[in-house]
Amino acid sequence: MTKTRFLPGLHGFENMENNKVGAVMVVGAGIAGIQASLDLADSGYKVYLVEKDPSIGGVMTQLDKTFPTNDCSMCIVSPKLVECSRHANVELLTYSDIEKVQGEAGHFTIRVNKKARSVDPAKCTGCRECMTACPVSKRIQIPETIEQEETEETHITDQIIAKYGGKKQALIMILQDVQNRFHYLPEAALRRISTRLELSFAEIYGTASFYKAFSLEPRGQHIIQVCMGTACHVRGAQRILEEFERLLSINTGQTTEDRLFTLETVNCLGACALGPIVTVDEGYHGNMTPGGAAKLIDRYAKNKR
Ligand code: FES
């Protein structure tokens, strides 16, 4: 359902001994529209800022850097978004279109078509909980003719999903189990979860990429973490890290070819007195030395054999 709203006549700019009268409509809430609205609002005019999308900011919010200074786009635009939404003289009309403009310069009446949002923006916290409760689905259905390839990954994923009764609410637990089984989240498994739980792939991917505990890249059976916090650093953590890199023939952040080890760094494990400290999976190994690193790798490699 959409709502159509008549705005009061937009009288032109008129200065009457510092008393501003009338209102201004700015169409398009990109960076230019936002800046124009703020300047006009700061001058004392009532501003109606109309945007066809549900949110303001436009393309600039999607950019990483701005040319030619390479400044961070969001750092520039974010304060303006906040200011615009809080300015007493700015009324935001998002998710709206201009339907009709009548009048002449200095006296316009504009008809704005406000599209239904189905949520109350004043109450929305962006938690996305409503998406799971919403009875209306806009998911793209995968045609039945497109069969997902059956692999060991999809087969195991099916078993994990069945363990939780195929409930959407168990998504995190399902992802955890898949990660424990494969040491990362294979794309085939994510697609299978999406189909079985009837959640969009974007939603599954969003959850999987949000939590640091989940990895979308293959990881080793054992995760070696070298603490690079200050206390460990001054006790030679850099030397230990380099020794692990040399022994495993990988760089930090990489996984060995046999998928046995992944090497990572962390900042302070809360056991500074034992530094330099290394963890392998859940185990802590304090006062680490280059010789100790070799023994540690040997021990876990032998276990595999
Ligand atoms: S700095 Fe390494 S445990 Fe605190």
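Two residues are in contact here when heavy atoms of theirs lie within 4.5 Å, and by that criterion glutamine 225, leaving aside its neighbours within four places in sequence, is in contact with Glu264, Val266, Ile277, Val278 and Thr279. The model is a predicted one, and glutamine 225 offers a convenient way into it. This residue lies in strand S12, and its side chain makes a polar contact with the side chain of glutamate 264, at 3.0 Å.

Next along the chain comes valine 226, and with the neighbours within four places again set aside, its contacts are Ala237, Ile240, Leu241, Phe244, Leu263, Glu264, Thr265, Val266, Ile277 and Val278. Valine 226 also belongs to the largest nonpolar core, which has 25 residues, and it is one of the five, with Ile224, Phe244, Leu263 and Val278, that touch the most other members. The elements giving two or more residues to this core are strand S12 (222-227), helix H9 (237-248), strand S13 (261-266), strand S14 (278-280) and helix H10 (290-304). Apart from it lies another core, of 19 residues, including Leu175, Val178, Ile204 and Phe214.

Strand S13 can be followed further through threonine 262, which has its place in that strand. Threonine 262 counts as buried because its relative accessibility is 2%, where the limit for burial is under 20%. Its side chain reaches the backbone nitrogen of glycine 220 at 2.5 Å. Beyond the neighbours within four places in sequence, threonine 262 is in contact with Arg219, Gly220, His222, Ile223, Ile224, Gln254 and Thr255.

The loop between S13 and S14 holds two backbone features. Cysteine 268, which has its place in this loop, has a positive phi of about 65° although it is not a glycine, and its relative accessibility of 41% makes it partly exposed. Proline 276 is found in the loop between S13 and S14 as well, and the peptide bond that leads to it from glycine 275 is cis, with omega near -5°. As background to both features, most residues other than glycine have a negative phi, and most peptide bonds are trans. Elsewhere, tyrosine 95 has a positive phi of about 55° without being a glycine; it is found in the loop between strand S9 (90-93) and strand S10 (96-104), and with a relative accessible area of 25% it is partly exposed.

The helices give a further view of the packing. In helix H6 (residues 187-197), the buried residues are Ala189, Leu190, Arg192, Ile193, Ser194 and Leu197. In an α-helix there are 3.6 residues a turn, so residues three or four places apart point the same way. The buried residues of H6 pack against helix H4 (152-163), helix H5 (171-182) and helix H7 (201-210). Glutamate 198 follows H6, and its phi is positive, near 55°.

Two of these partners of H6 also meet each other. The axes of H5 and H7 come within 11 Å and cross at roughly 65°, with H5 passing H7 in a right-handed crossing. The residues that meet are Leu171, Ile172 and Leu175 in H5 and Ile204, Thr207 and Ala208 in H7. Leu175 and Ile204 are also among the residues of the 19-residue core.

Another helix pair is formed by H1 (residues 31-42) and H2 (residues 73-86), which pack at an angle of about 50° with their axes 10 Å apart. That angle makes H1 oblique to H2, and H1 passes H2 in a left-handed crossing. On the side of H1 the contact is made by Ile31, Ile34, Gln35, Leu38 and Asp42, and on the side of H2 by Val77, Lys80, Leu81, Glu83 and Cys84.

Glycine 30 has its place in the loop between strand S5 (23-27) and H1. At 22% relative accessibility it counts as partly exposed. Although glycine 30 and valine 59 are 29 residues apart in sequence, their C-alpha atoms are 6.9 Å apart in space. Sequence neighbours within four places aside, glycine 30 is in contact with Glu51, Gly57 and Gly58.

Over the whole protein chain there are ten helices and 15 strands, and 35% of its 305 residues count as buried. Of the contacts in the chain with a separation of 6 or more, 60% are between residues 24 or more positions apart.

Note on methods:
Residues are numbered from 1 along each chain as its sequence is written. This is a predicted model: local features need pLDDT of at least 70, side-chain atom pairs count only at pLDDT 80 or more; totals for chains, interfaces and linings use all residues. Side-chain values use heavy atoms; hydrogens and water are left out. Buried means under 20% relative accessible area, exposed over 50%, partly exposed in between (1.4 Å probe, protein chains only). Helices (H or I, at least four residues) and strands (E, at least two) are DSSP runs, numbered from the N terminus. A nonpolar core is a set of buried Ala, Val, Leu, Ile, Met, Phe, Trp, Tyr and Cys residues joined through side-chain atoms within 4.5 Å. A polar contact is a pair of N or O atoms within 3.5 Å; within protein, one must be able to donate a hydrogen and the other to accept it, and residues adjacent in sequence count only if both atoms are side-chain atoms. Axes are lines fitted to C-alpha atoms, for helices over the stretch in contact, and angles run from 0 to 180 degrees between N-to-C directions. Angles under 35 degrees count as roughly parallel, over 145 as roughly antiparallel, 65 to 115 as roughly perpendicular and the rest as oblique. A crossing is left-handed if the near helix is turned anticlockwise from the far one by less than a right angle, and right-handed if clockwise.
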